[in-house]
Amino acid sequence: NDRFVQGTDGLWHNQTLDINEKYNFVNPKVGVKWHHETRSGRNNHTAFATVAMSHREPERNNFTDNYKYPNPKAEQVIDYELGYSYKAPNFYFDATLYYMDFKDQLVQTGELSDIGEKLTTNIAKSYRAGIELSAGWNICKLLSVEGNAALSQNKIKDFDEKVEKDWTKNGATFHYDNSTLAYSPSAILNGMIHFNYEGFQATWHTNYVSRQYLDNTENKDRSLPASSFSNLKFTYTSKVTKVSPLHEVVLGLQFNNLFDAHYATSGW
């Protein structure tokens, strides 16, 4: 490893790693799906329900960089999902409910390693639950609107964090339950308006992201405030028939963050 540690001889040496781990996973999934189409074929209803178990092995830097925490364990999640979708010629709607029950979820602690890597640790018991929604409506030939939303709760059920004090070996242990997981906004919203005329298209896009906490303590002083911004994009597509092998030419112009919103997307 490229991290230096002090040896018993008082000198500093590259950290030696002695890791031999094997991960054998079984990831079963079971589900049912129902589909109904009207006689005219213009309206479609679909619903589904699934239960799935999945595992994820730690990455190399989970071992090499997390020197303040025990060696990482594999992550396990049981995912329960229930969904419904409706599609008509000028309208669609999708909704998915989910509950993800985690064991030893690998989450960010809010700290960085000596070389700037984001540190992670295993959370003994945690969950992510919420609903994902999307809808679109073709109002007329020229105008359509779309939107999607991800609304969730991302919580710790049980976690003991051991924290060093003043860079010494004497530390403290803090217990967390029902606090929000780091870097897990509870709301992500997007709205789009599309204007189409022949080969010309204009799209207005507004995005919103709710508050994100930088660690797992749910401390507002260590968080990224909610943010929102809007973009505007113009494109023009022209078909090419006389210049082989070109088929079309697309010209685009995009304005990002129209209202000069000041926001942060990460921190530690």
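Okay, let's start with the surface: the accessible surface of this protein chain comes to about 17,700 Å², and 54% of it belongs to carbon and sulfur atoms. Those areas come from the Shrake-Rupley method with a 1.4 Å probe, and for residues only the protein chains shown count as cover.

Before I go on, a word about what you're looking at. This is a predicted model, where local features need pLDDT of at least 70 and side-chain atom pairs count only at pLDDT 80 or more, while totals for chains, interfaces and linings use all residues. Residues are numbered from 1 along each chain as its sequence is written, and side-chain values use heavy atoms, with hydrogens and water left out.

So, the overall picture. The secondary structure comes to 1 helix and 15 strands. Those are DSSP runs, numbered from the N terminus: helices are H or I with at least four residues, strands are E with at least two. The radius of gyration is 25 Å, well over the 18 Å that the globule rule gives for 268 residues, so the chain is more spread out than a compact globule. That radius is taken over C-alpha atoms, and the rule is 2.2 Å times the number of residues to the power 0.38. Along its principal axes, the C-alpha trace spans about 75 × 45 × 45 Å.

How much of the chain is buried? Buried residues make up 31% of the 268. Buried here means under 20% relative accessible area, exposed means over 50%, and partly exposed is in between, with a 1.4 Å probe and protein chains only.

On to contacts, meaning heavy atoms within 4.5 Å. Take the contacts between residues at least 6 apart in sequence: 54% of them join residues at least 24 apart.

And charges: there are 27 positive and 31 negative side chains, and the centres of the two sets lie 7 Å apart. Lys and Arg count as positive, Asp and Glu as negative, and His and the chain ends are not counted. The place of a charge is taken as NZ of Lys, CZ of Arg, CG of Asp or CD of Glu.

Now let's go inside. Which residues make up the largest nonpolar core? They are Val107, Ile123, Ile156, Phe159, Tyr176 and Leu181, 6 residues in all. A nonpolar core is a set of buried Ala, Val, Leu, Ile, Met, Phe, Trp, Tyr and Cys residues joined through side-chain atoms within 4.5 Å. If you click on Tyr176 and leave aside its neighbours within four places in sequence, its contacts include Ile156 and Phe159, along with Asn216 and Thr217.

Leu181 from that core turns up again with Tyr127, which touches Leu181 as well as Tyr99, Met100 and Phe102, among others, not counting residues up to four places away in sequence. Tyr127 sits in strand β7, residues 118-138, and is buried, at 14% relative accessible area. Asn178 is another of its contacts; the two are 51 residues apart along the chain, with their C-alpha atoms separated by 9.7 Å.

Next, Val145, in strand β8, residues 143-164. Val145 is partly exposed, at 28%. Its C-alpha is 5.7 Å from that of Met192, although the two are 47 residues apart in sequence. Met192 is also one of the residues Val145 touches, and so are Trp137 and Ile193.

Further along the chain, Thr235 is in strand β14, residues 227-239. Buried or exposed? Thr235 is buried, with a relative accessible area of 16%. Leaving out residues up to four places away, Thr235 touches Gly199, Phe200, Gln201, Leu251 and Gly252. Then there's Val250, in strand β15, partly exposed at 47%. Val250 touches Tyr236 and Thr237, with the same four-place exclusion.

After β15 (248-255) comes a segment that holds Asn257. Asn257 has a positive phi of about 50 degrees although it is not a glycine, and at 22% it counts as partly exposed. Asp260 is in the segment after β15 too. Its phi is near 55 degrees, again positive in a residue other than glycine, and Asp260 is exposed, at 54%.

Last stop, a loop. Asn71 lies between α1 (60-64) and β5 (75-88). Asn71 is exposed, with a relative accessible area of 52%. Beyond residues up to four places away, Asn71 touches Phe63 and Asn122. His55 is 16 residues from Asn71 in sequence and 17 Å from it, C-alpha to C-alpha.
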